[in-house]
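Colleague: I am new to this structure and would like a close look at a single part of it. Please take the salt bridges and the residues around them.

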Amino acid sequence: TGGPRTEWSACVLTPCLCVVLLLSLSVLCCSIQTHTHVHTHAHALTQTPHQAVFMETRSGHAQSSSARHEHKEAPKRTVSGQISAVLEEHGIVPDVVREFDPLIPLSVSFQDKEVTLGNHFATRDTSRMPSVSWEADEATTPYTLLVVDPDAPSRQDPRMAQWLHWAVVNIPGNRLEQGQEWMTYAGPSPPARSGKHRYVFLLYQQPQRLHVSSSVSERSRFIANEFAAKHDLHLVGVNFFYCEHD
């Protein structure tokens, strides 16, 4: 009698063990998916809305570049609208520039920290020239890069605005180091009790090479719109950050 009972028990237990193993694997997979979703969601929550727009700008532009013949304009218009909304929210439009359609993501970073449409920096972290980059289809197309402070000496009393912190003209494509530095870089130095200052990076496309003096001596009361109109410059990219006295 021992032989048949043993065979019967094995026949019953083997399917049961298979079912238990399958259920364990299913629970393990669900646990891994849930953990991955929670981690991704938590990372997204650490970004500010403006950082999210900035990252979407770069992502959307990369997708547009890699798929030029497939729905090219739709993502760019959506992202451009988001950038325009941020610029209006912070008064960049109309304090610095008129309403425009951003065409090129302008990447700016001080050492390992990126400028993401309105984040904050300490003055000590912005004393050195930042790294600035953008995508240019043609290396022969010249660009102008300006950095201005529209809040000099304060946003409530901008009688010295715009303060020109940096100006590079005749940049061949995106080779910033080969451009003509019209005004040397000067880091932010907002006065005490003057509140937060906006520091705005403006990238213009030039119709041709600019014939300007070797340098400009006056930083105060520089008006970017007037300079652009005088030289027929086309604004294509904007980025900015905040800084205050510390």
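Modeller: What follows goes through the salt bridges and then a neighbouring topic, a buried acidic residue. This is a predicted model, in which local features need pLDDT of at least 70 and side-chain atom pairs count only at pLDDT 80 or more, while totals for chains, interfaces and linings use all residues. Residues are numbered from 1 along each chain as its sequence is written, and side-chain values use heavy atoms, with hydrogens and water left out.

A search of the whole structure finds 3 salt bridges; the term means a side-chain nitrogen of Lys or Arg within 4 Å of a carboxyl oxygen of Asp or Glu. In one of them, the side chains of Asp95 and Arg198 meet at 3.0 Å, N to O. This pair links distant parts of the chain, 103 residues apart: Asp95 belongs to helix H4 (residues 92–95) and Arg198 to strand E8 (residues 197–205). Helices (H or I, at least four residues) and strands (E, at least two) are DSSP runs, numbered from the N terminus.

Arg198 also forms a salt bridge with Asp151, at 2.6 Å, N to O. Here too distant parts of the chain are linked, since Asp151 sits in the loop between E5 and strand E6 (163–172), 47 residues from Arg198 in strand E8. Asp95, Asp151 and Arg198 are thus linked in a network of salt bridges.

How buried or exposed are the members of this network? Buried means under 20% relative accessible area, exposed over 50%, and partly exposed in between, with a 1.4 Å probe and protein chains only. Arg198 has a relative accessible area of 1%, so it counts as buried. Asp151 is likewise buried, at 1%. Asp95 has 40% and is partly exposed.

Another salt bridge joins Arg159 and Asp157, whose closest N and O atoms are 2.0 Å apart. Asp157 is partly exposed, at 33% relative accessibility.

Now to the buried acidic residue. Asp149 lies in strand E5 (residues 142–149). Asp149 is buried yet has no salt bridge, and Arg198, the nearest side chain of opposite charge, is 6.4 Å away. For charge, Lys and Arg count as positive and Asp and Glu as negative, with His and the chain ends not counted. The side chain of Asp149 does make a polar contact of 2.9 Å with that of His197. A polar contact is a pair of N or O atoms within 3.5 Å; within protein, one must be able to donate a hydrogen and the other to accept it, and residues adjacent in sequence count only if both atoms are side-chain atoms.
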